[in-house]
Amino acid sequence: MMQTRYLVTKVPESDGCHFLHSENCQVLPELEMQDLGQFETCAPAMEQAAEIYAPLNACALCCSDCYIKTGDSAA
Ligand SMILES: [Zn+2]
């Protein structure tokens, strides 16, 4: 099974959230990042990052499965 390394921004990005990225992300920010280790999917990486960082979201590009869409509430 392929494993991907995931990273989380140590400082919040633009909207005040820490963001989870994969090592292969096309838009990795120029920020200091914490290496979370390797995971098969973004979900366990999100869980681990959530223990350390809040608020937390996932990159819409590299972690779209974990990306939490904000702004509009779909009831
Ligand atoms: Zn990303």
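The legends below walk through several close-up views of this predicted protein model.

A word on conventions comes first. Residues are numbered from 1 along each chain as its sequence is written. Because this is a predicted model, local features need pLDDT of at least 70 and side-chain atom pairs count only at pLDDT 80 or more, while totals for chains, interfaces and linings use all residues.

**View 1. The whole chain holds 1 helix and 4 strands.** Helices (H or I, at least four residues) and strands (E, at least two) are DSSP runs, numbered from the N terminus. Following the sequence, you will meet them in the pattern β-β-β-α-β. The C-alpha atoms fill a box of roughly 35 × 25 × 25 Å along the principal axes. The radius of gyration (taken over C-alpha atoms) is compared with a globule rule of 2.2 Å times the number of residues to the power 0.38. For 75 residues, a compact globule would have a value near 11 Å, and the chain's 12 Å agrees with that. Among contacts with a separation of 6 or more, 55% join residues 24 or more positions apart; two residues are in contact if their C-beta atoms, placed from the backbone, lie within 7 Å.

**View 2. The 4 strands form an open sheet in the order E3-E1-E2-E4.** The pairing is mixed, and two strands count as paired if DSSP finds at least two bridges between them. Strand E3 (33-39) and strand E4 (56-58) are the edges, each pairing on one side only. From one strand to the next, the twist averages 25°; axes are lines fitted to C-alpha atoms, for helices over the stretch in contact, and angles run from 0 to 180 degrees between N-to-C directions. Strands of a sheet pair through backbone hydrogen bonds, either parallel or antiparallel.

**View 3. Strand E1 pairs with E2 and with E3.** E1 (residues 4-9) and E2 (residues 18-22) run antiparallel and share 3 bridges. Look for Val-8 with its bridge partner Leu-20, and for Tyr-6 with Ser-22. The pairing of E1 with E3 is also antiparallel, here over 6 bridges. One of the residues to find is Thr-9, whose bridge partner in E3 is Met-33.

**View 4. Strand E2 is largely enclosed by the rest of the structure.** The reason is that 4 of its 5 residues are buried. A residue is buried if 20 or more other C-beta atoms lie within 10 Å of its own, exposed if 12 or fewer, and partly exposed in between, with C-beta atoms placed from the backbone. E2 pairs with E4 in the parallel sense over 3 bridges. In this pairing, Leu-20 stands opposite Ala-58 of E4.

**View 5. Helix H1 (residues 42-50) lies across E1, E2, E3 and E4.** The helix runs at about 140° to E3. Its buried residues are Cys-42, Ala-45, Met-46 and Ala-49. They sit on the same side of H1, because they cover an arc of only 105° around the axis; the arc is that of the directions from the helix axis to the C-beta atoms. These buried residues pack against E1, E2, E3 and E4.

**View 6. The largest nonpolar core has 15 residues.** Such a core is a set of buried Ala, Val, Leu, Ile, Met, Phe, Trp, Tyr and Cys residues joined through C-beta atoms within 7 Å. Leu-20, Cys-42, Met-46, Ala-58 and Cys-63 touch the most other members. E1, E2, H1 and E4 each give two or more residues, and the largest share, 4 residues, comes from H1. Leaving aside residues up to four places away in sequence, Met-46 touches Leu-20, Ala-58 and Cys-66.

**View 7. Cys-59 is found in the segment after E4.** Cys-59 is buried, with 24 other C-beta atoms within 10 Å. Beyond residues up to four places away in sequence, Cys-59 touches Phe-19, Leu-20, His-21, Cys-25 and Tyr-67. Gly-37 lies 22 residues from Cys-59 along the chain, and their C-alpha atoms are separated by 17 Å.
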